[in-house]
Amino acid sequence: MDRRNFLTKSILFSGFSWNFLNKKSIKSGSNEMKITIIYFSATSNTLKIKNVIKNELKEHNVICDELDITSYQNRQSPIDLKPYDAVIFGFPVHARWSPKIAREWLKTLNGNNMRCATFFTYGGFGAYPAHGNLKKVLEERNFVVVASAEFLGAHAFNYGGFNALPDRPNSHDFKVAQEFAHIIKDRFSNNVLKKISDFEKGKWTEEQIDSFQNHRYKTVSQLPTRNGNTCSLCKTCEDECPTKAMDSISGNTDKTKCIVCLRCVANCPDNALSINDLSKKWENKLAEEGKSESTLQEKESKIYL
Ligand SMILES: Cc1cc2nc3c(=O)[nH]c(=O)nc-3n(C[C@H](O)[C@H](O)[C@H](O)COP(=O)(O)O)c2cc1C
Ligand code: SF4
Ligand code: SF4
């Protein structure tokens with residue numbers, strides 16, 4: 001459990017104002033700041049939080065672009081960050097960290113001392129130590145991390161029968177996302193640089209965390225398949241698979257490529273794809289993690305400064 005200080009939504013909202021006096025130079029040439037949000041979202045939780053942050057920034061005169069790096073195709077062309085004053089990175093927690101394919105893609109970037117903020121969505125079991133590890137990756141790419149946040153979201157494995165936070169993110173989580181937008185706008189624009197505090201060094205090495213990824217293949221022993229059923233052959237599952245693991249014609253998944261993000265299952269218009277029944281494993285998962293459905297629900301989204 002990360003014991004760093006965090007601000008709850010009530011503390012943040014009480015003292016914050018959109019007015020800031022010391023503006024950093026703005027690249028767009030007008031008085032408006034220009035930001036891009038780069039995000040990965042397989043089952044839409046991260047996308048929902050991204051939408052709230054983006055709308056809040058736009059309502060307060062920030063020009064806000066976005067780049068969705070979920071699909072394989074969108075990670076193939078280099079991107080130019082020069083037009084931007086700052087970047088926001090949003091990822092799901094996959095086995096305690098941002099998805100490895102997203103981290104690999106981050107290595108194509110150079111921040112050139114640009115300010116950035118990060119946020120995660122997670123299924124209630126833990127976002128630690130994702131923040132600190134992503135901060136390290138971004139600092140190695142010459143970004144300056146000024147803030148981070150974590151938001152609760154329905155666990156992707158609910159598509160197989162888990163019942164973790166089916167109604168999250170909810171209005172409380174969105175409120176924290178709005179507050180986060182306020183804070184990062186201020187931190188991006190202020191002449192006085194305020195960096196995020198250091199995170200507690202985790203008890204796991206990066207290699208150990210990477211090895212946790214293999215647990216997903218024990219839980220999801222049957223990777224997404226159409227199981228011989230017919231469908232409209234729309235190809236969405238194949239086109240939007242982050243790793244090119246899905247073959248829409250056969251309806252089968254390449255086990256050497258699949259990261260079990262469940263994007264294909266979530267997005268199939270015919271509900272034709274499925275994994276093994278996880279409802280039998282749900283009680284064991286709660287017991288292993290020392291949690292119950294209600295203790296998961298009590299968790300709140302948080303901002304780290
Ligand atoms: C492969 C995989 C691993 C996951 N690992 C964790 C985890 O370590 N802790 C957690 O609380 N949730 C975990 N989750 C749940 C996701 O973090 C959560 O569903 C997230 O909001 C998904 O974001 P998205 O909808 O934007 O893809 C995992 C989900 C997947 C698919
Ligand atoms: S997304 Fe669903 S309907 Fe479309 S090709 Fe894949 S399995 Fe068939
Ligand atoms: S085939 Fe695997 S990696 Fe591709 S979308 Fe489906 S679950 Fe994700």
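In the predicted model, ligand 1 is surrounded by 25 residues, of which Ser41, Thr46, Pro92, Gly123 and Gly153 come nearest. Two elements, α2 (45–59) and β4 (114–122), each give two or more residues to this shell, and the largest share, three residues, comes from α2. By residue class, the shell around ligand 1 divides into 11 nonpolar, 12 polar and two charged residues. Both domain 1 (9–204 + 297–304) and domain 2 (214–291) contribute to the shell around ligand 1, with at least three residues drawn from each.

Pro92, one of the residues nearest to ligand 1, belongs to strand β3 (residues 86–92), in which seven of the seven residues are buried, so that the strand is largely enclosed by the rest of the structure. In a regular strand, side chains alternate between the two faces of the sheet. In β3, Ala86, Ile88, Gly90 and Pro92 point one way, whereas Val87, Phe89 and Phe91 point the other way, and all are buried.

Strand β3 pairs in the parallel sense with β1 (residues 33–39) over five bridges, and Ile38 stands opposite Phe89 of β3. The pairing of β3 with β4 is likewise parallel and extends over seven bridges, with Ala86 placed opposite Arg115 in β4. Between β3 and β4 the chain passes through helix α3 (residues 100–106), and the resulting β-α-β crossover is right-handed.

Around ligand 2 the shell comprises 15 residues, the closest being Cys231, Cys234, Cys237, Ser248 and Cys268. The residues of this shell divide into eight nonpolar, four polar and three charged.

Terms used: Residues numbered from 1 in each chain as written. Chains lettered and ligands numbered in written order. Predicted model: local features only at pLDDT ≥ 70, side-chain atom pairs only at ≥ 80, totals over all residues. Near = placed C-beta within 6 Å. Nonpolar A, V, L, I, M, F, W, Y, C, P; charged D, E, K, R; others polar. Helix = DSSP H or I, 4+ residues; strand = E, 2+ residues; numbered from the N terminus. Domains from an automatic or database assignment. Buried ≥ 20, exposed ≤ 12 C-beta atoms within 10 Å, placed from the backbone. Pairing = 2+ DSSP bridges. Right-handed = clockwise from strand over helix to strand, strands pointing away.
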